[in-house]
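Here is a set of short questions with worked answers. Cysteines come before strands and rings.

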Amino acid sequence: MRRLVLFMITACCMLASCVQEPFDDTPRGNMEALWKYMDEHYCFFDYKAEEYGLDWNEVHDRYFTPSLDTLGQERLFDLMCKMLSELRDGHVNLYSVYDVGRYWKWQEDYPENFYGHIQANYLGTDYKIGGGMYYTILDGDIGYIYYPNFSATVSDGYMNRIFSYFKKCHGIIFDVRGNGGGVVTNIDEIISHFINEPLLCGYLCHKTGPGHSDFSELEERWIEPSSGTRWLRHVAVLTNRGCFSATNTFVSDIKLLPQVKVFGDTTGGGGGLPMSAELPCGWSVRYSSSPMLDIDKKHIEFGVAPDVEVSITDADFQRGTDTIIEEAKKWLDTFRIEQ
């Protein structure tokens with residue numbers, strides 16, 4: 001049932017609604033529609049006021065100048081995008097027929113910490129593929145899984161096959177660097193194979209009114225164990241700032257497991273389930289509607305810190321070595337099983 005509820009939430013997030021109040025299809029009317037709709041539906045105003053002093057009313061006063069009425073479509077679009085960037089939210093986008101407004105500083109202002117040509121030195125060319133996961137066995141009998149997209153299908157069958165392939169391994173590296181998110185139900189499917197009992201992994205709530213503090217009571221998020229193969233040996237999860245949205249939640253959840261340690265950089269964030277609405281001019285806005293919180297009832301909107309902070313060094317980059325993979329291997333080697 002819990003997976004069904006989460007699936008329904010995901011489906012709802014794909015639906016668009018229309019701005020209900022009558023606003024004129026003019027530059028000022030569309031700008032007012034956008035500001036007002038976000039004011040009543042966006043879910044992080046209180047949190048971001050605490051974090052960096054966001055004042056949405058002040059934003060209104062700053063952007064609604066007399067010259068607003070004279071703007072053409074492209075200049076209006078750019079101004080709307082600039083206003084939305086005040087939210088510092090990668091889940092907030094403005095869509096028109098000619099452009100997509102986005103906020104990417106959550107990733108752009110940080111080290112990449114993942115390079116395909118270096119990863120190829122580990123993954124090789126004869127790796128296996130199952131359920132969107134690329135996997136192989138590294139030297140030292142360490143399993144390596146690269147999962148680049150949470151929209152890729154995951155199932156018991158895929159996970160059972162991967163773990164069977166890794167049966168001689170004493171540990172797994174699960175690499176989600178650069179994974180920008182996708183389907184939230186895949187979080188449950190994957191983590192269910194790493195637990196033996198139900199896991200309380202966090203909380204979720206929903207907007208219940210137009211006020212910035214109008215929310216439902218927190219709902220518990222649980223993950224049930226899989227009926228298939230389960231991996232209870234040690235797991236190193238690799239992260240960078242490119243881990244966003246569903247990947248951000250996945251890291252927050254799997255980090256709770258005693259056999260898991262996270263290596264790399266703080267994830268990119270994206271702790272709200274997105275929905276969308278249409279403006280009078282036909283453009284649509286996507287926004288965070290329901291906050292997801294961790295086990296301590298803390299927001300994960302601005303990312304999840306690793307257990308071991310490590311970046312790819314310049315020297316290792318020149319050698320074609322992945323510092324983060326190497327640190328994970330060192331940790332897993334301490335649990336080596338004598339064959």
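Q: Is Cys 201 buried or exposed, and at what relative accessibility?
A: The model is predicted. Buried means under 20% relative accessible area. Cys 201 counts as buried, at a relative accessibility of 1%.

Q: Which cysteine sulfur is closest to that of Cys 201, and why is there no bond?
A: A disulfide needs two cysteine sulfur atoms within 2.5 Å. The sulfur of Cys 201 is 15 Å from the closest one, so the distance is too far for a bond. That closest sulfur belongs to Cys 205.

Q: What is the nearest cysteine sulfur to Cys 281, and how many disulfides are counted in the model?
A: Cys 281 is in no disulfide. Its nearest cysteine sulfur, that of Cys 81, is 11 Å away. Cys 281 is partly exposed, at 22% relative accessibility. The disulfide count is 0.

Q: How many residues of strand 12 are buried?
A: Strand 12 covers residues 272-278 and has 7 residues. It is largely enclosed by the rest of the structure, because the buried residues number 5 of the 7.

Q: Which residue of strand 13 is the bridge partner of Ala 277?
A: Strand 12 runs antiparallel to strand 13 (residues 284-293), and 7 bridges join them. The two strands form a hairpin with 5 residues between them. In the turn, Gly 282 has a positive phi of about 100 degrees. The strand 13 partner of Ala 277 is Val 285.

Q: Is the pair of Trp 35 and Trp 56 stacked or edge-to-face?
A: The structure holds 28 aromatic pairs. In the pair of Trp 35 and Trp 56, the centres are 6.1 Å apart and the planes differ by 5 degrees. Planes under 30 degrees apart count as stacked. The pair is stacked.

Q: Which helices hold Trp 35 and Trp 56?
A: Trp 35 is buried at 9% relative accessible area, and Trp 56 is buried at 2%. Their pair ties together parts 21 residues apart in sequence, because the rings lie in separate helices. These are helix 2 (residues 27-41) for Trp 35 and helix 4 (residues 56-63) for Trp 56.

Q: What is the angle between the planes of Tyr 134 and Tyr 146?
A: Tyr 134 is partly exposed, with a relative accessible area of 26%, whereas Tyr 146 is buried at 12%. Their ring centres are 6.2 Å apart. The pair is tilted, with an angle between the planes of 40 degrees.

Q: Over which ring does the charged end of Arg 102 sit?
A: A charge over a ring must be within 6 Å of the ring centre. The charged end of Arg 102 is 5.0 Å from the centre. The ring is that of Trp 104.

Technical notes:
Residues are numbered from 1 along each chain as its sequence is written. This is a predicted model: local features need pLDDT of at least 70, side-chain atom pairs count only at pLDDT 80 or more; totals for chains, interfaces and linings use all residues. Side-chain values use heavy atoms; hydrogens and water are left out. Buried means under 20% relative accessible area, exposed over 50%, partly exposed in between (1.4 Å probe, protein chains only). Helices (H or I, at least four residues) and strands (E, at least two) are DSSP runs, numbered from the N terminus. Two strands pair if DSSP finds at least two bridges between them. Rings of Phe, Tyr and Trp (its six-membered ring) pair if their centres lie within 6.5 Å; planes under 30 degrees apart count as stacked, over 60 as edge-to-face and the rest as tilted. A charge sits over a ring if NZ of Lys or CZ of Arg is within 6 Å of the ring centre and within 35 degrees of the ring normal.
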